[in-house]
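Morning, everyone. Let's walk through one structure together. Please have the sequence and the 3D view open.

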Amino acid sequence: MDMRDACSMDRSKDLENNAKYADVIIDVSIDKLDRPFSYRIPERLSGIICVGSRVRIPFGGGNVEKKGYVTAIRDSVELDDSRIKDITGIIEESVSAQDMSFEIAAYIKNMYGGTLSQALKVVIPAKAKAKPIELKTLVRKMDKEQLISLAGEAARKKQHAKEKLYLALIDNERIPSSWITSKLGISSQTVASVVKSGAAFLEISSEYRKPAISDICNTQVALNDGQEKIVNSVSSDMEEGLSRQYLIHGVTGSGKTEVYLRLAEKAVMMGKQVIFLIPEIALTYQTLARFYGKFGDRVSVLNSSMSPGERFDQCERAKNGDIDIIIGPRSALFTPFPNVGLIIMDEEHESSYKSESTPKYHAREVAARICEMTGASFVMGSATPSLESYTAATSGKVTLFELTERAGGGELASTEIIDLRKELSSGNRSMFSRRLKALMDDRMAKGEQIMLFLNRRGFSGQISCRECGKVIMCPHCEVPMSLHKGSVLICHYCGETREKPAVCPSCGSKYLAAIKAGTEQVEESVRKLYPEAGILRMDKDTTKEKGAYDRILSSFSNGEAQILIGTQMIVKGHDFPNVTLVGILVADLSLGVPDYRAAERTFQLLAQAAGRAGRGEKPGNAVIQTYQPDSYAIKCAAEQDYVKFYEEEMAYRETAGYPPALHLLAIQFFGLDDKKTSELARGLADVIKSNGAKKVLGPAPANIAKVKDYYRHVIYIKDTDEDALAKIRSFSEEYLDDKDMNGMFVQFDLDPVNQI
Ligand code: ADP
Ligand code: ZN
Ligand code: ZN
């Protein structure tokens, strides 16, 4: 079904034949009602309602008023006319679905579950219409002599404000009203009386809200050979009208952004528009400044701190052709451009590209689909590509480009691994190895900056051996088990529970313990070592307040502190030229997370963190402290060897059976009553198994077993065939529709990247 043509076609048919009926998708999250219902279009609304309109309708026996989207217009329906209800009205203030919205929404619903109306809400970027900003301008009507005489008269009457305004009108033909009130300090009554005198009139126009342009950077660089090859190759595909996908694997600073800029320029020259996706928090003003520098007013931004009015206006500007480029997170993908030619996804491995609420879509997959539909090109870039994209690149589905050197010169930091087990055995019980301590002393003396990094992401009490460094893993799932109530180990994939062993199963050591670490403890220790030093800490606690995140970073960047301590928040895309030492305190922390992506995340975090050192003129060091110096994620990160990591990690995914070797569907249960929730999960798992699914794990309590009073349980289903999982999902949705879901809800997550 091609809904794109349907809207315009139906509208004209609507006018000619006086069509009477509409199919309406109702706003519900219940699967059973997720189909179009027929309604009559009353005479007064005929010709106004078209495909995509947002309407109010009476629903059910009680005729409760609901909202919905019109998906089709018809001349006749099969139902008896007396059983059909009238559409109550059209919701003018809502943004209607248009063009490809239905097609994309249908794709999202089929891939990721949920209802069509939930999917439509995702693809319609601005929910509510906003009134435009009014601009008032005072425009001169009289000639100068007349104004001079009026000014003189006002002066005689001691009406000084009026006099000032007449004089201002002599020099300026047009004066913005904001200028009158703020700069001249003249009240609106005075303006009104000047208008009344016939000296000037007020012109009212409207304007879209525009995000403030912070900074402009306009440096021209000549592309190096590697960059030029990419730009030429993608450009020539664009010229030939070939819609393809590309992955630029390039170390930080290798000039990827410069390539994006050139390609964007190419698309704009071809009369097309560009969507530039960036992860939520990596919206660095340096990148923005470069786009503003090249495209000026023709580029705009979407971000999470914008008001609904600001968002709506950016969509209007895109629709009207006022801008060529939008920069923003995941949701910017749905910017209603008339003719998208290029979608760029920077840092494509970032988990924020996956939605965390139903439908849990992945922006990378949806972007690829949009490119197929529109013929646009899709360019992804990363220093540490996701396994998904790199696999697609090795299979030839995606064209791979490599940029191996820093474009602006400068060396990668020299990185070394420090074995914490040896520190311990030689009596060093502090957080800092002797080597890291020595390097810190050196930087403190030189007045250079240091970043200390604790990769706590998703940390949940894994048990590890202080002698051999091994983490206790689930024998069935190859993911770490977590410690509960001090003595029970549990696997969050399959639910396996075991007593905590007394000695290490690998080496027999009795030094088996949960790793404890917090940024606060790190801060305390650093203060003891360097009582005089300026120290900043960045973690969840210190960034709760609005603006705190930016404040800490800019204060560090201004040199107000010499040491920055933080979680993964501090490693993303910021450039601090004076940082010459990065210390990763316990690299194992993110490795021990009960998630099949733990090694991938660890590799990405460590490679990025090491990339923070030595961005400027001075050479840098990175020190990775760990109890598992032989882990391939840690070794490959230290060697900055992505390909070797990829091969090792793919081998693990294949033997243990995880994406991208196959597909994984997570069914997540949330409920106020733990027992009822786990019974619901158990019931569905049994039905899925009896329907022939072979690889069903769980149910098991989720990684974080309870959040905001809701207990969480998960089932995982594995299959090489995505469609088979889609069938299981929609079958499960039906099964759950018939259950009493009081106090419970269920979500589906295909190939999850955010473990719950
Ligand atoms: P990435 O996006 O891969 O991190 P950037 O495009 O931001 O890399 O480039 C890193 C730095 O190198 C920037 O300061 C940029 O201006 C500079 N740069 C990029 N390309 C070149 C080039 N061809 N010649 C010289 N400097 C370059
Ligand atoms: Zn051991
Ligand atoms: Zn398990």
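I'll start at the ligand, then go through two sets of strands, and end with a helix and a loop residue. One caution before that: this is a predicted model.

So, ligand 1. Which residues come nearest? Around ligand 1 there are 16 residues, and the nearest are Ala222, Gln227, Gly253, Thr257 and Arg290. Sort the shell by class. You get eight polar residues, five nonpolar and three charged. Now sort by element. Helix α9, residues 256–269, gives the largest share, with three residues.

Next, some distances to the backbone. A nitrogen atom of ligand 1 sits 2.8 Å from a backbone N or O atom of Ala222. For Asn224, a polar backbone atom is 3.4 Å from a nitrogen atom of the ligand. Ser254 also comes in through a backbone N or O atom, but here the partner is an oxygen atom of ligand 1, at 3.3 Å. How much of ligand 1 does the protein cover? On its own, ligand 1 has 560 Å² of accessible area, and the protein covers 72% of that.

On to strands. A reminder from class: strands of a sheet pair through backbone hydrogen bonds, and the pairing is either parallel or antiparallel. Look for an open sheet of five strands. The order is β2-β1-β4-β3-β5, and the pairing is antiparallel. Which strands are at the edges? They are β2, residues 37–40, and β5, residues 89–90; each of them pairs on one side only. Take one pair from this sheet. Strand β1, residues 21–26, runs antiparallel to β2, with four bridges. Find Asp23, and opposite it in β2 you will see Ser38.

Now jump along the chain to strand β30, residues 744–750. Why do we call β30 largely enclosed by the rest of the structure? Because six of its seven residues are buried. Its antiparallel partner is strand β27, residues 663–671, and seven bridges link the two. One bridge to find on screen: Leu665 has Leu750 of β30 as its partner.

Stay in β30 and pick Val746. Is Val746 buried or exposed? It is buried, because its relative accessible area is 18%, and the cut-off for buried is under 20%. Set aside neighbours within four places in sequence, and Val746 is in contact with Ile667, Gln668, Phe669, Leu680, Leu736 and Met741. For a sense of scale, try Ser557. Its C-alpha atom is 44 Å from that of Val746, and the two residues are 189 apart along the chain.

Next stop, helix α13, residues 387–394. Its buried residues are Leu387, Ser389, Tyr390, Ala392 and Ala393. What covers them? Among the covering elements are β9, α12, β14, β15, α19 and α21. After α13 comes Gly396, with a positive phi near 90°.

Last one: Arg597. Where is Arg597 found? In the loop between α18, residues 588–591, and α19. Arg597 is buried, with a relative accessible area of 6%. Its side chain makes a polar contact of 3.3 Å with the side chain of Glu388. A second side-chain polar contact, at 2.8 Å, goes to Tyr596. Leave out residues up to four places away in sequence, and Arg597 touches Glu388, Arg653, Asp751, Pro752 and Val753.

That's the tour. Pick a residue and try it yourself.

Definitions and conventions. Residues are numbered from 1 along each chain as its sequence is written. Chains are lettered from A and ligands numbered from 1 in the order in which they are written. This is a predicted model: local features need pLDDT of at least 70, side-chain atom pairs count only at pLDDT 80 or more; totals for chains, interfaces and linings use all residues. Side-chain values use heavy atoms; hydrogens and water are left out. A residue is near a molecule or strand if one of its heavy atoms lies within 4 Å of it. A polar contact is a pair of N or O atoms within 3.5 Å; within protein, one must be able to donate a hydrogen and the other to accept it, and residues adjacent in sequence count only if both atoms are side-chain atoms. Accessible areas come from the Shrake-Rupley method with a 1.4 Å probe; for residues, only the protein chains shown count as cover. Ala, Val, Leu, Ile, Met, Phe, Trp, Tyr, Cys and Pro count as nonpolar, Asp, Glu, Lys and Arg as charged, and the others, Gly among them, as polar. Buried means under 20% relative accessible area, exposed over 50%, partly exposed in between (1.4 Å probe, protein chains only). Two strands pair if DSSP finds at least two bridges between them. Contact means heavy atoms within 4.5 Å.
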